[in-house]
Structure formats: structure tokens, C-alpha cells
Amino acid sequence: MTPAQIVVAGGEVVRGIALVTDVPLSFWGGVDPATGTVIDQHHPLRGKLLTDRILILPSGRGSCSASGVLLEEIYKAVHQRRLSPTWLIPSSASVRFSRTSSTACGYQCSCSPRRIAATLHPAIPWPFSRTDN
Amino acid sequence: MPDPTGYNLTLTGEEESMLVGEQGEAVQIAMRILTRVAPLYGATALLPVTRAHIDDCIYEGDAGLAFAERLATAGGRVRVPTSPNVISLDRQHWRQLGLEASYATKARRLGQAYLAMGATPSFTCAPYQTAARPVFGEQIAWSESNAVAFANSVIGARTNRYGDYLDAACALTGRVPAAGLHLDALRLATVLVRLRDVPQKLMADDTFYPVLGYLLGSLVADEVPVIEGLDAAPDEDQLKSLAAAAATSGSVAMCHIAGVTPEAPTLDQALGGIEPHRSIDVTLADLNRARRELSTGESGDEVGVVAFGSPHGSLAECRTIAALVSGQRASAGVEVFITTSKAVRDLLDRSGELPALEAFGAKVTSDTCIVVSPLVKTTGKVLMTNSAKYAHYGPGIVKNRAVFASTESCITSAVKGRVVLDDAGWSG
């Protein structure tokens, strides 16, 4: 268990348990969207639960559907008050997952899951309306 | 012109019109997504594209369905010819394949939403082997990791890896961020990968390419590699398996092969005359290590499923299998899947090869595949495949151990009901 403290854009401080890996992870096919568990049998984090963890990783890999899996997590968090993972931090401290890949989360919702998208892409406000919270 | 996005992005009059909602709500939503993501690519402008391939039609849950139906209800129309990726059901045979009706309904609704927005009903992860294939130099907005790697590397079309929802935003606006692999400079190789002491005979083998790709992805992550020393003339299906594997273990969006791929007539041209950031030697031992990592089961294990077609089988690949299985029959305990597009399945039907495959015991599915649709039951028996992508994702998604092997070994194993391997070509 690695305690971590993250200061995000805007100055907010978040504390939690970090999961740290130096191996890129594919969210689609690598994380079970129903449980938040790492299912990639070739990944060092296999079997770990991402729920309520600060995930620190070098980048994504594999599928272009990472954002699809994350959006399902956001949606479930809204409807079932469950969140997984809480924060995603690229260990390069880059705002991008990689030079040539990116994800876009876009669904109108009104509570903390926004933080996932904001953390993936700190420069992106919500796409549906500038005033959505 | 003042910057209407607030993100140092210069828009044309047409793009600004989309952003302020003059072209409807769906286009406005799409342009909002695009203009917020574009700066993260380092873009200061957008670029028009002439086709799109979108991945959002794979059913993951209610959120993706809500997103698609929201855009469709808002009057969304694709602005450029758009091919959808696989969907999560075979539209014709889902009942025979044992899908639950409630799941099938949602999976179908998701596909329908994108068709309602004007996507063509091709539903394949290998759009480059259909009429949707782009040409050299064409600017496109593609999703699906294997298709992106193939389009950039093998065809010389230009796309970044557009993730879910951003790809739809590109299709609805006909625009991408003017950045990354759309630009000349970032298409140059930055990593040199030299093949050392790899037997030439192995380079002619179908199993060589997915293994090389799988190793490559783990070595270079998202950089652009150039492979030197490939003493062979790989066909497109072999390059397809390389690209798919590299985009599985890594996030390779483009890979040059000196003397083979169109932007690498020579090593120097692939590098643009610039020293690579690093050089890596790949030996037969490295390749064998990657090959072993692909298998979580072993020789002699009981086989439950044999799966071909990730990426979707081409007509040539399906014909090869049809010829190999002639006169044989899969063991009663083994399910055989060949996943392909409806276009290829229809051609096989007309040529008489579909009945031959079915006589072997194969289920030839269209529109979908075993990792996006619940076709394979968890049995504890081994999933055997000639695809590095299936072998990698299979154990996680369908919860069966996997064995990667040649097409011939997969067929022999299907008949015997046990894993039978022929690794002779890999011993050096």
C-alpha cells in the first residue's frame, strides 16, 4: 500500500492509496468494467482492484476503447455511486496518455466522476456545456 | 479572429459555425469535444479528413449506448464516409450463437444508432480490407488499434489513434487535430529495431509476424519504430498480424519496415536522415521469449475453443483455412470460431467454402468477434488461436488460458481435442 497525495490542476489536494506500475495498461480488455479489476493476465497489476485508488502508470496501451471503459465507470458512478478508479495519473506527468493517442470522455453528469476526465485531460472542461457542473 | 474555444485553437469560419451550433446540436457537441481535446495533441488548428472508422459501436454498457443515442436523437450525421468497427453481436446468427436477448437488443441498438447517423453497415475491425480502404497520403480519422497501425504503416494513410467518442466527434465534424501522425515530421521513425540472427526461413512463416509485432509493442510503447533486416516480402495478411500485435502489447500507431512499407523505401528515408533516439537488437531468443509469453496454456492441454480472425479474417485467410480443414472434422468437445466481416462471409458462401468450413465444425461469424461479444463460455479448457491479439486478450476477457500457434497447429489441435504444437521453425 502506497499512500499518495496528488495536487491537481486548480490546486485541489487528493489523498489516497496509490497503485503504481511501470507497465502500460489497456483499459479495454485489461480492466473489467463491471468490477474495476485488472484482468490483463500479462500485466503485473492483474487481479488488483482499481476502485478508490490513485493509479499511476506510464501510459495506456492496446485498445482505443480506454475511454469507452472509463465512460462506463463514470456512468455507473453517477447511477450507482461507485467510482473506479478515482484518479489516473500518467507517471510522465504529461497530460496526455501518449503522443499519438488520446481519449475523450463526454457525458453529461453532475458530480465527482468529472474528476476522472479532468485528471486525464486537465485542460478539458465538460464538452456539453460550459456551465455544466 | 478571436479564439472562440479559449484554447489557442484557430478555427475556420465553417468550424466556428459548427462550434456555435449553427449546424445542429449533435455537430456542436462533437465540435466541443474535438476543440477541447485538440490542444492536448499540441494542435493549434484542425484538419479536414476524408473518412472515419469508429469504435464506439462495441457495446460496453449503458453509457456508450446513451452517448450514441443522444447524438443520433440530436440529428447527428457523419460528415465523411464512416465505417463502424465490429459490434457486439452477429446480426444474423446471434440466437444460434447463444446470446441473451436483452444483451443482443442493446448491442443491436448501439450499432443502429451509428447507422442512423450515416455509417455504412460493414462492421469490421479490418476496414482496410474492404471498400473503406484509404489511399496513400489520405488524411483519415480512424479508431481500432490494429486498423490505425495498418493504415499508417502498410498503406501510408494518416491517422492518430482516435479513442472512443473522439472518433465519433471527428466523423460528425470531418475534422481532426492537426497534429501527430497527420504531419510529415512525426511520421519519421525514432527507434531503430535491428533483426539479428533471425533465420530467413522463419521470416517466411505466418507465426513470425504476430510474434515480432508483440515483441515490438512491448519494446517501443508509442514511439515510431523502423525494422531493419527483414529479409522477406510479407503479404498484407502477415503485416496485418504484425500491426495488430504491436498495437496490443504497446500503443504502436505506425511502424516502418525498411524496404517493405511505403514510407520506408530505405532505412534512411524512414528515419528522415536523423539519428534514431535509440537502437534495439532483436534476436531469435527475444522472439521466442515473446512467443512463450503469448501462451498461458501448454502442449497436451485440453482444447475448448479454437479461434481464427483477429483482426477479421480476409478472404485469403479464410480460404487457406477451408483448404486445410478439407476432409477433417473438429473434435466434438471443441468449438471453432472464424470471425470475419459479412462481406467476406457472403463471398465464402457463394464460393462454396462456407459449407466446407461448417462441415469441419466451424462457426463463421460476421459483424463481431469473440472479445467483444460473449460467444465463448468459460470452460477451464484452452483457447487456441493463430492471433496474438486473441491470445493476449483471451485469458482476461473469456477467462480461458490461451495458446498461440500456427493455423495448421490450431486445426490439428481442434481435431485431436488437445494442444498439438509444431515449433520446428522456431528452433533456429
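**Exercises on strand pairing, a helix and salt bridges**

H256(B) of strand β9(B) lies opposite V226(B). This is a predicted model: local features need pLDDT of at least 70, side-chain atom pairs count only at pLDDT 80 or more, and totals for chains, interfaces and linings use all residues. Residues are numbered from 1 along each chain as its sequence is written, chains are lettered from A and ligands numbered from 1 in the order in which they are written, and side-chain values use heavy atoms, with hydrogens and water left out.

**Exercise 1.** Describe how β8(B) pairs with β9(B), and give the handedness of the crossover between them.

Step 1. Helices (H or I, at least four residues) and strands (E, at least two) are DSSP runs, numbered from the N terminus. Two strands pair if DSSP finds at least two bridges between them.

Step 2. β8(B) and β9 (residues 256-257) of chain B run parallel and are joined by 2 bridges. From β8(B) the chain passes through helix α9 (residues 236-249) to β9(B), in a right-handed β-α-β crossover. Right-handed here means that, with the strands pointing away from the viewer, the path from the first strand over the helix to the second runs clockwise.

Step 3. β8 (residues 225-228) also pairs with β7 (residues 191-196) of chain B, in the parallel sense and over 4 bridges. In that pairing, P225(B) of β8(B) is the bridge partner of V191(B).

**Exercise 2.** Which strands are the edges of the open sheet β3-β2-β4 in chain B?

Step 1. The sheet has 3 strands in the order β3-β2-β4, with parallel pairing. β3 (82-84) and β4 (141-142) each pair on one side only, and are the edge strands.

Step 2. β2 (residues 52-54) is joined to β4(B) by 2 bridges. A52(B) has A141(B) as its bridge partner in β4(B).

**Exercise 3.** Compare the span of α8(B) with the expected span, and say how many of its residues are buried.

Step 1. α8 (residues 208-220) has 13 residues. Its first and last C-alpha atoms are 18 Å apart, close to the 18 Å expected; the expected span is 1.5 Å times one less than the number of residues.

Step 2. Buried means under 20% relative accessible area, exposed over 50%, and partly exposed in between (1.4 Å probe, protein chains only). By this rule 11 of the 13 residues of α8(B) are buried, including F208(B), Y214(B) and V220(B).

Step 3. A221(B), just after α8(B), has a positive phi of about 50 degrees.

**Exercise 4.** Locate the partners of three salt bridges in chain B and classify their accessibility.

Step 1. A salt bridge is a side-chain nitrogen of Lys or Arg within 4 Å of a carboxyl oxygen of Asp or Glu. The whole structure holds 25 of them over all chains.

Step 2. R291(B) and D423(B) meet at 3.4 Å, N to O. R291(B) is in helix α11 (residues 284-293) and D423(B) in the segment after α16 (407-416), 132 residues apart. R291(B) is buried at 15%, whereas D423(B) is partly exposed at 34%.

Step 3. R401(B) and D301(B) have their closest N and O atoms 2.8 Å apart. R401(B) lies in the loop between α15 (388-397) and β15 (402-404), and D301(B) in the loop between α11 and β11 (303-313), so the bridge ties together parts 100 residues apart in sequence. R401(B) is partly exposed at 35%; D301(B) is buried at 16%.

Step 4. For E353(B) and R319(B) the closest N and O atoms are 2.9 Å apart. E353(B) belongs to α14 (residues 353-360) and R319(B) to α12 (residues 315-325), so this pair links parts 34 residues apart in sequence. E353(B) is buried at 18%, and R319(B) is partly exposed at 36%.
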